Amino acid sequence: MAKYGFFGVVATLVHLFVAWTVIYLFNSSVFVSNLFAFLTAFVFSYVFQTLYVFQSSFHFIKLAKFFAVQFGTFLFSYILSDIFPIQNSYLHTLVIVAIMPLVTFMIHKFWTFKEI
């Protein structure tokens, strides 16, 4: 759980850095900037979660499951955060990344990285 938390924090920082950079440099929408950030953090997270947290091997089925969980949670977080009237794009992004880890660990532990 500590490793998951550590790599989750790092992936969250990667997500925030990329999203805020895209917002700042390109004046992009919250959704577009967070989509770029999600894809970047996804690759980082999949590699480190697979190797160091769940000590598993790379497999296309696990990758597909990981993507489904992460992207589904990203969309859920975006929709949930969009309910609140947050005008600040940076704060809106922070709300999105705060919601995601609350859901994903258990799904990954018992579904994504369950041995095939």
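Tutor: A helix here is a DSSP run of H or I with at least four residues, and a strand is a run of E with at least two. The model is predicted.

Student: How many helices and strands does the chain have on that definition?

Tutor: The chain has four helices and zero strands. Along the sequence they give the pattern α-α-α-α.

Student: What makes the chain as compact as a globular protein of that length?

Tutor: Its radius of gyration is 14 Å, and the globule rule gives 13 Å for 116 residues; the two values are close, so the chain counts as compact in that sense. The C-alpha trace spans about 45 × 25 × 25 Å along its principal axes.

Student: Why is A41 called buried?

Tutor: Buried means under 20% relative accessible area. A41 has 8%, so it is buried. Across the chain, 40% of the 116 residues count as buried.

Student: Where is A41, and which residues does it touch?

Tutor: A41 lies in helix α2, residues 30-53. Leaving aside residues up to four places away in sequence, A41 touches A11, V14 and H15. A contact requires heavy atoms within 4.5 Å.

Student: What is the separation of A41 and F110?

Tutor: Their C-alpha atoms are separated by 21 Å, and the two residues are 69 apart along the chain.

Student: What share of contacts joins residues at least 24 apart?

Tutor: The share is 68%, taken among contacts between residues at least 6 apart in sequence.

Student: Which atoms supply 76% of the exposed area?

Tutor: Carbon and sulfur atoms supply that part of the about 6,800 Å² that the chain exposes.

Technical notes. Residues numbered from 1 in each chain as written. Predicted model: local features only at pLDDT ≥ 70, side-chain atom pairs only at ≥ 80, totals over all residues. Heavy atoms only, no water. Rg over C-alpha atoms; globule rule 2.2 N^0.38 Å. Buried < 20%, exposed > 50% of the residue type's maximum accessible area, 1.4 Å probe, protein only. Areas by Shrake-Rupley, 256 points an atom, 1.4 Å probe, with all protein chains shown as cover.
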